[in-house]
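Visitor: I would like to go through the pairings and charged contacts in this model, and to hear the reasoning behind each label.

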Amino acid sequence: MEGYKGVTTMLYAGFCIETLELRNNNNMSASWRSQPNVLLVCLLLSTTGAVSEQFQLEPLNATVLHGSAVRFNATVQGAWKVMTWSVGGLMVTTVPDIGDIISFSEQFSARFCSSGDTSCVEFTIQNVTRSERGAVTCSVQGTYGSKTAQLYVQEGGTVNIMGGNVTVAQDEQVEFQCVSSKWFPIPTVSWTWNSEAVNSSLYNTTSMADGDFFNCTSVLKFQAVRDTQIECRATVETLASPQSSSVYLVVVPKPTDWTVLIAVVVSIGSFALLVLLIIGIIFCYKRRKEKKTKYEDEMSRRVRSQSQISTVHGAGQNQGQENTGYVPEGQTSVAPSELTDSGFFPANGSTFSEMPDVVNSTHTGNAYITVDKPAFRKHRHVTIV
């Protein structure tokens with residue numbers, strides 16, 4: 001330490017000598033007495049450098065987690081009487097070189113780094129909160145002056161993956177949302193699956209101020225392939241290990257896609273139905289045509305038959321058979337001698353004219369023919385077709 005102080009003093013002295021030499025070269029008539037300002041500045045610089053290096057404060061910047069402890073060390077070369085420590089502009093601890101150390105709160109304390117050595121003092125702040133952040137100043141009475149360090153306090157909040165465990169089908173797009181609340185400063189959020197880091201291109205993180213804290217929302221999207229443990233982590237510089245939340249992704253086998261098969265079956269079925277419909281139409285058309293042809297043939301045959309019948313009627317007489325079972329009106333009995341194989345004959349042997357076998361007629365219908373005989377009247381009922 002003494003060597004370092006000597007080197008610094010020599011540097012200041014060399015700077016002053018070089019300055020005076022430059023001035024003397026410019027004005028040969030100048031002397032030390034004519035340069036009182038330059039000499040005074042050099043003396044002050046040399047003295048200040050020597051004194052300031054006798055007092056050191058470490059560390060000059062400290063970052064701690066809320067609720068933890070922070071320590072600062074002040075090293076003084078030479079004799080001193082009283083040292084004071086201030087946090088945020090308020091004096092909290094007084095350390096005399098001899099006697100008891102006085103602290104205004106149990107949160108603040110001080111002690112000598114080693115027993116019997118007053119050159120090093122350790123100042124401790126327990127259970128640090130964000131109200132203690134800012135300037136931490138150590139002052140040593142006398143010509144030593146004071147030095148200031150900066151204290152930064154961070155706070156870890158909570159991490160939670162919304163929705164819990166998820167079950168999806170294979171190759172389905174899945175989304176997880178992680179919410180980090182009550183952090184200071186903004187935390188660093190990351191994801192892992194099956195303990196492997198997730199590519200940052202797969203998730204997006206946004207932050208928003210909430211009073212003196214920050215809330216973050218991170219959204220992870222990917223395609224489900226297999227069962228996976230998903231973990232969301234949030235951390236700040238002072239955390240020994242990140243805060244985390246984890247869920248499980250359960251992937252079920254993808255159901256068989258019957259779309260193509262159904263489309264093929266429907267196409268084939270539609271084609272077959274169309275073919276059957278066409279065949280049915282052709283068959284019905286042929287049946288109808290055949291029936292129409294048969295009907296026309298039948299009508300032609302009937303017309304020809306009717307024409308032939310009309311021709312026969314016009315050429316000759318209709319022939320018929322004598323009804324031998326006819327009984328004359330008023331006759332209640334017939335003698336055996338009167339009945340022959342061909343009809344009735346009168347008992348007195350009189351003759352009568354018989355109904356000819358063929359009756360000339362061009363009329364259709366029923367006709368009654370009456371033949372008058374001396375013995376009885378005989379009626380014949382003839383039906384002509």
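Visitor: What makes Glu155 count as buried or exposed?

Guide: In this predicted model, Glu155 has a relative accessible area of 14%, and since the label buried applies under 20%, Glu155 is called buried.

Visitor: Which residue forms a salt bridge with Glu155, and how do you know that the contact qualifies?

Guide: The partner is Arg130, and the closest N and O atoms of the two are 3.8 Å apart; because the rule asks for a side-chain nitrogen of Lys or Arg within 4 Å of a carboxyl oxygen of Asp or Glu, the contact between Arg130 and Glu155 is a salt bridge. This pair links distant parts of the chain, 25 residues apart, with Arg130 in the loop between strand 8 and strand 9 and Glu155 in the loop between strand 10 and strand 11.

Visitor: Why is Arg130 called buried?

Guide: The relative accessible area of Arg130 is 10%, and the cut-off for buried is under 20%, so Arg130 is buried.

Visitor: What makes the contact of Lys221 with Glu175 a salt bridge?

Guide: The closest N and O atoms of Lys221 and Glu175 are 3.7 Å apart, and because the limit is within 4 Å, the pair is counted as a salt bridge. Lys221 lies in strand 17 and Glu175 in strand 13, 46 residues apart, and here too the pair links distant parts of the chain.

Visitor: Are Lys221 and Glu175 buried or exposed, and what decides the label?

Guide: Lys221 has a relative accessible area of 43% and Glu175 one of 46%; since partly exposed covers what lies between buried, under 20%, and exposed, over 50%, Lys221 is called partly exposed, and Glu175 is partly exposed as well.

Visitor: How do you know that Lys182 and Asp210 meet in a salt bridge?

Guide: From N to O the separation is 3.4 Å, and because the rule requires within 4 Å, the side chains of Lys182 and Asp210 meet in a salt bridge. Lys182 belongs to strand 13 and Asp210 to strand 16, 28 residues apart.

Visitor: What makes strand 18 and strand 19 a pair?

Guide: Seven bridges join strand 18 to strand 19, and because pairing needs at least two bridges, the two strands, which run antiparallel, are a pair; within this pairing, the partner of Ile230 in strand 19 is Val247.

Key
Residues numbered from 1 in each chain as written. Predicted model: local features only at pLDDT ≥ 70, side-chain atom pairs only at ≥ 80, totals over all residues. Heavy atoms only, no water. Helix = DSSP H or I, 4+ residues; strand = E, 2+ residues; numbered from the N terminus. Buried < 20%, exposed > 50% of the residue type's maximum accessible area, 1.4 Å probe, protein only.
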